[in-house]
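Open the model in your viewer and get ready to select parts of it. Each stop tells you what to pick and what is there.

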Amino acid sequence: MEGMNILDQKFDVAIVGAGPAGLSAAYYLAKKGFKTAVLERGREVGSKSIYGGRIYAAPLKEIYPNFNSIPVHRWVKRERISIMPDYESMISIDYQGKEAISFTAYLTEVVKWMGIQAESAGATIITDVPVTNFYKENNKVSGVVSGEDVLRSDVVIDAEGVNRLVLEASGIVKPLKPELVALGVKEVLKGESKQIEDAFGLSQNEGLAWVFLGAATANTPGGAFLYTNRDSVSLGVVVLLDKAIANVKDHVSQLVESLRTAPALKNYLQNLRISEYSAHLIPEDVWSLRPERLVYDGLLITGDAAGLLLNAGYTYRGVDFAAYSGYLAGKAIEQAHAKGDYSAGSLSSYESMLEESIVIKELKRFRKVHEVMKNGLLFEKYPKIMSGVMKRMFENSDGPSKAWDAINESCKENQYSMLKLLIDGYRMVRSL
Amino acid sequence: MGLEIILLFKYVPNTTTVNVDPNTGTLIREGVPSVVNPHDLVAAEFALRLKEKYGGRIRAMIMAPPSATKGIEYLVGMGVDEGILLTDRAYGGADTLATSYVISQAIKKVVDHYDLIVAGQETLDSSTAHIGAQVSSWLGIPYVYYVTEAELQDGHMILTRQLETYVEKYRVKLPALISVLMHTLQPRDVTLKNKMKAVTQKPVKVYTNNELQLNTLCTGLKGSPTIVAKTEFIGKIPRKMQVIQGKTPEEMVSWLISKLKEEKVI
Amino acid sequence: MSAPERKLRLTDIINVNIWDVDSKPHIVVNYDKCKNCPTKACVRLCPTGCYTETENGILFSYEGCVECGTCRVVCPMEAITWTFPKSGKGIFYRFS
Ligand SMILES: Cc1cc2nc3c(=O)[nH]c(=O)nc-3n(C[C@H](O)[C@H](O)[C@H](O)COP(=O)(O)OP(=O)(O)OC[C@H]3O[C@@H](n4cnc5c(N)ncnc54)[C@H](O)[C@@H]3O)c2cc1C
Ligand SMILES: Cc1cc2nc3c(=O)[nH]c(=O)nc-3n(C[C@H](O)[C@H](O)[C@H](O)COP(=O)(O)OP(=O)(O)OC[C@H]3O[C@@H](n4cnc5c(N)ncnc54)[C@H](O)[C@@H]3O)c2cc1C
Ligand code: SF4
């Protein structure tokens, strides 16, 4: 290419982005002896990382033999889902498990840890440099471009996350549309670990994952979340962007502010101070967001960039799925290398391994949840009906009404048929 | 031949954005990452342009704990050739006198030849602007500060020095030390090629007092006559946000001036 | 039910963050295109309030940007030229 500086040094694999996907791929490949470079636009590994707050452990245990040293804050032993008809009241479902399968952590720390694993295995991580495009030779991706510099490699892994500037620049995907993504806005509120334990009734190392629906998102499809970390709380709101354009009348930061100051949460969040304010996009309609293929000649696409994120309605699984997809991309490269062939055909074992893995299986299982989420009822009608039911049951000065009557009356008040409600309920249960 | 340049820099906590607890108005220092002192990035850019024009080599020197290696990597990422890290427990807790002593002695001991030392105007975290002056006096070489331009002419340097209302020109013998006026230039970006070199080749020489053999009575805390009697946090001044009114730039300016007068700022 | 009253201003909240602010903007807005914008969604949805609506139109300042990409996606006018900051500049997260 003209005006380009081609670096003398060539790598076996170049990876775009040091997130969970890119670093897990790097770790696997470096361990297998591949000369691996990861290019990260941030100042340090993890400095651009932000998510909600909890990570499912199993896939990471499979990838990282020394998973035990991962910087866990608390193991999630309690789950709570609350419907907030307004900021003063909520209806909650509590679940207390025996075995914890997920943990809370700062993604900044987890990603930094993954960076250390990858580097110890022999990977080279280059920070401070954004990749601007892929480098192609004979139509095959053969490296990456940053500004005027070209780093050549036999194969490239794209792990750039949801803002896919490189995939866009190379023409593989179109720019994102509001209906494909959600916006998450979050505050981290700090205190002492004892304070967190007392406020939430947790024992040491025990964590709570709490989801809010209804008023917390201005009745916009999405959800709000609260995760307890060691000595802090992650509090945030997620809204589907296309719906938010119409629904969010005030400023979007007001949603988190309202949640933090909500009377219903007052007892939990006293005397905590804000220590970070962050925001990021989340793949939402993951099937439409997914690139046509996840492998091209010399290229594999992983993590959020590939739309490999699960939105289960009450929880996101992005970090472990991204990491797992990176790991499988590593395996696919190992196999392709043995054949001496990095064409799309040879790399397509990545797609088939994904298909059989927990990632695609779970994504398919939850496919319908997205439909339920999108119809908006869950966020607007239901909280109102539920709150009407509860008010009738618990705030009736003539004494409590029967649940069935209360539901019936509340449905009428909200102009919704009980039959429809039942059908919705059935559909939702089926989709879960 | 070209110019042999020593670039002095400091790796400082990034306080360009001051972190204040919105509730209590107190400063938050937790987990604040360090950056190359922004004014030293300007000095680096200045040195890089000299190198582009006259050839030669730039070595970035710092007295600091080993974590400053990251700062060297950043500068090499911009195009600086090598780094020299002066680090020893005996150098910790230094004031400007002890710092400039170590730097100047190291230059004497481990730098075989240099033409020019380039420093920033001052640092973000202490801003004494002492180091340049002190290093030059230890070394007995000319010192010009607030420099905005430099040109080589028959073995001398013609320096432009920018003062508030006028400009001075100097002709100095080399070797000399200059400190570059802040905001004079826009520092260039890190490139993939240079950062790759920084990370894979690690062109950093580390010297401890084993190599430098300085009298530790003159370094670190022991060599520092400065005593900080007290530091006081100046309370939070509540901010008022107002959007400038007016249709034309002229209207906006007069609106702004009237507001500033109202607030007795001017 | 109206939302609880705002206790903290957004500008004060984002002050807890760390940025290494670049001296050149990574996002450029073509204000001419903003004039006919039907939604001005950036003003409400940019989480750090980088877009302000004034009587003279939209005003953008890049310093507080957290690089989320929202403005780029919601802008119906294609008025925004959006890139990431270079040289590791921009937001530096520590606890997210
Ligand atoms: C608000 C919110 C809440 C979430 N909650 C959860 C949760 O509780 N649990 C969970 O498991 N998941 C959650 N997720 C999803 C999870 O964060 C993502 O799925 C996961 O981080 C994806 O990993 P990745 O490696 O694909 O991408 P990312 O984590 O986005 O990493 C991409 C990396 O690439 C870098 N990069 C991007 N472009 C370039 C470029 N051009 N050149 C160089 N580097 C580049 C970025 O700086 C970044 O470091 C949440 C997400 C959000 C936004
Ligand atoms: C009163 C006072 C007391 C202090 N007490 C202590 C203390 O007890 N413990 C402690 O750790 N620090 C202390 N310091 C800080 C320390 O002395 C200074 O940071 C250091 O000597 C550099 O001074 P400066 O930051 O003001 O740099 P300036 O003189 O403002 O810097 C000018 C230029 O010199 C160069 N430069 C500065 N520092 C270095 C360096 N370390 N290596 C290479 N080049 C450099 C850079 O080019 C910089 O732009 C104190 C500072 C002051 C003012
Ligand atoms: S990228 Fe996000 S934070 Fe930055 S200006 Fe756009 S909306 Fe605001």
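Start with a turn. In this predicted model, select β7(B) and β8(B), which form a hairpin with two residues between them. Click on B:D154 in that turn: its phi is positive, about 30°.

Now show both strands in full. Strand β7 of chain B covers residues 143–153, and strand β8 of chain B covers residues 156–162. How many bridges pair β7(B) with β8(B)? There are six, and the strands run in the antiparallel sense. For a marker along this pairing, pick B:A150 and look across to B:L159 in β8(B), which stands opposite.

Stay on β8(B) and look to its other partner, strand β9 of chain B, residues 167–173. Here the pairing is again antiparallel, and it runs over seven bridges. Select B:H156: B:K173 in β9(B) stands opposite. Then follow the chain from β8(B) to β9(B), where a hairpin of four linking residues makes the join.

Is β8(B) largely enclosed or largely open? Color the strand by burial. Five of its seven residues are buried, so β8(B) is largely enclosed by the rest of the structure. Keep one general point in mind as you turn the view. In a regular strand, side chains alternate between the two faces of the sheet.

Next, switch to chain A and find A:P71. Where does A:P71 sit? Look in the loop between α2 (58–63) and β4 (74–84) of chain A. Show what A:P71 touches, leaving out residues up to four places away in sequence: A:A105, A:E109, A:V110 and A:W113. Then add A:R273. A:P71 and A:R273 are 202 residues apart in sequence, and their C-alpha atoms are 22 Å apart in space.

Zoom out to all of chain A. Color by secondary structure and you should find 16 helices and 19 strands. The radius of gyration of chain A is 23 Å, close to the 22 Å that the globule rule gives for 432 residues, so chain A is as compact as a globular protein of that length. Along its principal axes, the C-alpha trace spans about 85 × 45 × 40 Å.

Turn on the surface of chain A. About 16,700 Å² is exposed, and carbon and sulfur atoms supply 50% of it. Buried residues make up 62% of the 432 in chain A.

Last stop: color the charges. Chain A has 50 positive and 52 negative side chains. The centres of these two sets lie 4 Å apart.

Conventions
Residues are numbered from 1 along each chain as its sequence is written. Chains are lettered from A and ligands numbered from 1 in the order in which they are written. This is a predicted model: local features need pLDDT of at least 70, side-chain atom pairs count only at pLDDT 80 or more; totals for chains, interfaces and linings use all residues. Side-chain values use heavy atoms; hydrogens and water are left out. The radius of gyration is taken over C-alpha atoms; the globule rule is 2.2 Å times the number of residues to the power 0.38. Buried means under 20% relative accessible area, exposed over 50%, partly exposed in between (1.4 Å probe, protein chains only). Accessible areas come from the Shrake-Rupley method with a 1.4 Å probe; for residues, only the protein chains shown count as cover. Lys and Arg count as positive and Asp and Glu as negative; His and the chain ends are not counted. The place of a charge is taken as NZ of Lys, CZ of Arg, CG of Asp or CD of Glu. Two strands pair if DSSP finds at least two bridges between them. Contact means heavy atoms within 4.5 Å.
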